Amino acid sequence: VFNFIAGVTILALGLLFLAVSVLDMVDDLRHQARSDAGTGLLNRRGFESCALKAIDKAKADNQSLSLIVCDIDRFKSVNDIYGHSAGDLVLRSVADVLESSVRKGDRVGRIGGEEFAILLSATDVEIAAALAQAMCLSIEMQNFPAVVSNHKVTASFGVAALEENDTYQSLFERADMALYKAKDCGRNRVVIESDKYVLSEAFIKRSTVRGAFA
């Protein structure tokens, strides 16, 4: 009887350890499916999943929410001139700037080759724009060892705030349109999607590289 109980106990422990290992593997696979290997940020799929939940929560709680879309300026030239390894370093450095600028609970994702998105809960469009300006300045001031000093790495930003009838897609499209306007206006700048809000020179000067949440 003792040997039988001992055998059953060992078998049960073995099955328990196996189950824990399987759960760990499932968690790893789920994380890999939602993460960008190059930067460690959320990938497009993971970011969109988080965004859908955050938008539903913001509407249910009647809270503000803002989306920032960011694109590295002339990134192709970095790859063409300095190689893809240099481009990868630039991507990781920019990702670090974005991720270190937001609060715990905000979401940052790499949603394309050199395009990123930042979702800010309980944040109105003016605060989001101030944060985007701080990020913009931080990237411009970064030192990229893989890129020679006379090749300045900059980024452009588009900002949009959640409206009552918004879906994730409509919110993203408005932020993306603001990003394209920033590109058209000369790059290395922030544009808010609504004509109601304009980044004046005084507003830009008040923004600091410490970020809007500092």
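**Exercise 1. Find which residues of the largest nonpolar core touch the most other members, and which element gives the most to this core.**

Step 1. The largest nonpolar core has 34 residues, of which Val90, Leu98, Phe116 and Phe157 touch the most other members. A nonpolar core is a set of buried Ala, Val, Leu, Ile, Met, Phe, Trp, Tyr and Cys residues joined through side-chain atoms within 4.5 Å. Buried means under 20% relative accessible area, exposed means over 50%, and partly exposed lies in between (1.4 Å probe, protein chains only).

Step 2. Two or more residues of this core come from each of β1, α3 (75-82), α4, β3, α5, β4 and β5. Helices (H or I, at least four residues) and strands (E, at least two) are DSSP runs, numbered from the N terminus.

Step 3. With eight residues, α5 gives the most to this core.

Step 4. Another core lies apart from it and has 20 residues, including Ile55, Leu65, Leu67 and Leu179.

The model is predicted: local features need pLDDT of at least 70, side-chain atom pairs count only at pLDDT 80 or more, and totals for chains, interfaces and linings use all residues. Residues are numbered from 1 along each chain as its sequence is written, and side-chain values use heavy atoms, with hydrogens and water left out.

**Exercise 2. Give the strand order of the open sheet and place the helices on it.**

Step 1. The open sheet has five strands in the order β2-β3-β1-β4-β5, and the pairing is mixed. Two strands pair if DSSP finds at least two bridges between them.

Step 2. β2 (107-110) and β5 (190-192) are the edge strands, each pairing on one side only. From one strand to the next, the twist averages 15°.

Step 3. β2 and β3 (residues 115-121) are antiparallel, with four bridges; in β3, Ile118 is the bridge partner of Val108. The two strands form a hairpin with four residues between them.

Step 4. Helix α4 (residues 84-101) packs on the sheet and touches β1 (65-72), β2, β3 and β4 (155-161), and its direction makes about 10° with that of β3. Helix α5 (residues 125-141) lies across β1, β3, β4 and β5, at about 170° to β4. Axes are lines fitted to C-alpha atoms, for helices over the stretch in contact, and angles run from 0 to 180 degrees between N-to-C directions.

**Exercise 3. Is Ser35 buried or exposed? Do the same for Arg44.**

Step 1. Ser35 sits in the loop between α1 (2-34) and α2. Its relative accessible area is 16%, so Ser35 is buried.

Step 2. Beyond neighbours within four places in sequence, Ser35 is in contact (heavy atoms within 4.5 Å) with Leu41, Leu42 and Asn43.

Step 3. Arg44 belongs to helix α2 (residues 44-60). Arg44 counts as partly exposed because its relative accessibility is 39%.

Step 4. Neighbours within four places aside, Arg44 is in contact with Arg110 and Ile111.

**Exercise 4. Find where pLDDT is under 50.**

Step 1. pLDDT, the predictor's confidence in each residue from 0 to 100, averages 84 over the protein, and 81% of the residues score at least 70.

Step 2. Among the elements, β3 has the highest mean pLDDT (98) and helix α7 (residues 201-206) the lowest (41).

Step 3. pLDDT stays under 50 over residues 26-32 and is below 50 over residues 196-211.

Step 4. Where pLDDT is low, the predicted coordinates should not be read in detail.
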